[in-house]
Amino acid sequence: MKVSEQASSIRAVFAASLGYFVDLFDTFLLPALRAPSLKDLGVAAVDSLRIGTDVFNLQLLGQTIGALLVWGPLSDRFGRKKVLFGSILLYGIGNFATAFAPSLTAFTVTRFIAGVGLGGELGAGIALIAETMKPETRTKGTMIVGFFGMLGVVLAGLIAESSLSWRTDYILGGVLALGVLVFRFGIRESNLLERSLAVAKPSYWMILAYLGRPAKLLKFAACVFVGAPTFFVVGLLVSGAPEFGSALGMQVKPTSASALVWTYTSIAIGDILCGLLAQALRSRKTALLIFQFITLIGFCLILFVQAASPAGYYWRCALTGLGIGYWANMVTNASEQWGTNVRGTVTIAVPNFVRLLLFPISSLFLWLRPSAGYIPAAATVGFACSALAIISILCLSDGFHRDLNFVEPIG
């Protein structure tokens with residue numbers, strides 16, 4: 001690789017890493033600040049988890065809409081770089097608006113708008129890195145992105161535990177987003193995409209129609225379901241730590257913010273370990289399967305081996321977080337399944353559809369909980385998520401060695 005190409009790759013990695021850091025900081029401010037923000041907006045404590053989950057789900061819906069209907073097709077038609085600018089600008093503005101929301105309705109609307117902006121962040125960065133780096137080195141690039149991104153959640157948890165008001169925390173998120181926007185002015189567009197666009201520029205509807213074909217839709221669904229356990233863990237077991245602590249009979253309850261810090265510190269380490277394992281085995285699928293089983297063991301310990309203290313609950317979250325540290329490898333493997341002319345749409349859409357899985361995951365849990373109870377309901381949902389993920393990994397090809405210089409026949 002030439003020196004200029006190496007420099008371009010390094011800039012792309014750091015631009016994506018900083019953006020993903022702010023992305024996850026912003027995304028998880030909502031669950032980390034759920035209790036104080038909703039209390040300040042007039043929500044009763046008994047309704048906090050339900051309403052907080054509803055608002056989080058709407059934010060995730062905004063991310064999915066932004067990914068599939070805005071940023072994904074735009075990235076394949078106009079470039080990854082433009083999406084990296086547009087998405088971070090929108091969610092920076094959304095954060096500032098959230099900080100000044102006067103009511104629960106306004107708060108919900110601003111989180112949806114911020115979600116639309118957040119929808120383009122990770123996938124555009126991963127697609128740019130995958131197309132800029134060689135097959136034998138791109139795992140290292142995406143591994144770095146995943147590591148720094150997870151630290152954004154750690155910062156969100158630490159900020160939530162500080163003496164700052166929740167409104168100040170959202171202003172900080174907006175400032176961080178605009179700072180990353182300025183940093184990105186030095187990145188270059190993907191050469192693979194530029195060559196592809198020189199031959200044919202796919203239309204918005206051509207991309208969506210191609211991905212809507214039954215065989216392609218099934219492959220896309222498999223890419224999404226690989227991530228099913230991640231939002232079972234962070235959306236229920238971590239965000240709902242106080243409620244699960246009560247269900248487990250703990251006298252001193254764990255807090256959501258501390259559980260987020262422990263879990264995402266561990267996820268950051270897991271991202272590095274999963275990337276190194278994939279590099280050592282020369283196989284992304286094998287690494288993904290191993291980390292799925294670590295996740296399964298972790299959430300079984302949370303649900304079936306009662307912690308004596310909040311620290312015990314946090315250690316179990318940390319082990320489970322290590323398991324779901326396969327996130328960056330999951331998104332990279334999804335990117336490697338598709339040609340350059342639809343790769344941006346898929347890579348942007350997959351992590352956001354994974355996040356949207358919190359809708360059915362939380363709905364199924366809330367439906368089962370009254371009759372089955374907290375722990376059996378959570379276990380049923382967790383085992384279903386793990387089964388979906390393992391089957392999906394087995395159905396996908398291993399993209400570790402794949403040359404990404406190819407296009408899909410979408411014409």
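This report describes one helix pair and two single residues in a predicted model.

Residues are numbered from 1 along each chain as its sequence is written. Local features need pLDDT of at least 70, side-chain atom pairs count only at pLDDT 80 or more, and totals for chains, interfaces and linings use all residues, while side-chain values use heavy atoms, without hydrogens and water.

**Helices α3 and α5**

Helix α3 covers residues 48–78 and helix α5 residues 104–118; helices are DSSP runs (H or I, at least four residues) numbered from the N terminus. Their axes lie 6 Å apart, at an angle of about 35 degrees. Axes are lines fitted to C-alpha atoms over the stretch in contact, and angles run from 0 to 180 degrees between N-to-C directions. Among the residues making the contact (heavy atoms within 4.5 Å) are Ile51, Leu58 and Trp71 of α3 and Phe107, Arg111 and Phe112 of α5.

**Two residues**

| Residue | Location | Relative accessibility |
|---|---|---|
| Thr347 | helix α18 (residues 340–356) | 0%, buried |
| Arg282 | loop between α14 (256–281) and α15 (284–304) | 37%, partly exposed |

Buried means under 20% relative accessible area, exposed over 50%, and partly exposed in between (1.4 Å probe, protein chains only).

Leaving aside residues up to four places away in sequence, Thr347 touches Gly123, Ile126, Ala127, Val331 and Ser335. The side chains of Thr347 and Ser335 are joined by a polar contact of 3.2 Å; such a contact is a pair of N or O atoms within 3.5 Å, where within protein one must be able to donate a hydrogen and the other to accept it, and residues adjacent in sequence count only if both atoms are side-chain atoms.

Arg282 is not a glycine, yet has a positive phi of about 55 degrees.

Conventions: Helices (H or I, at least four residues) and strands (E, at least two) are DSSP runs, numbered from the N terminus.
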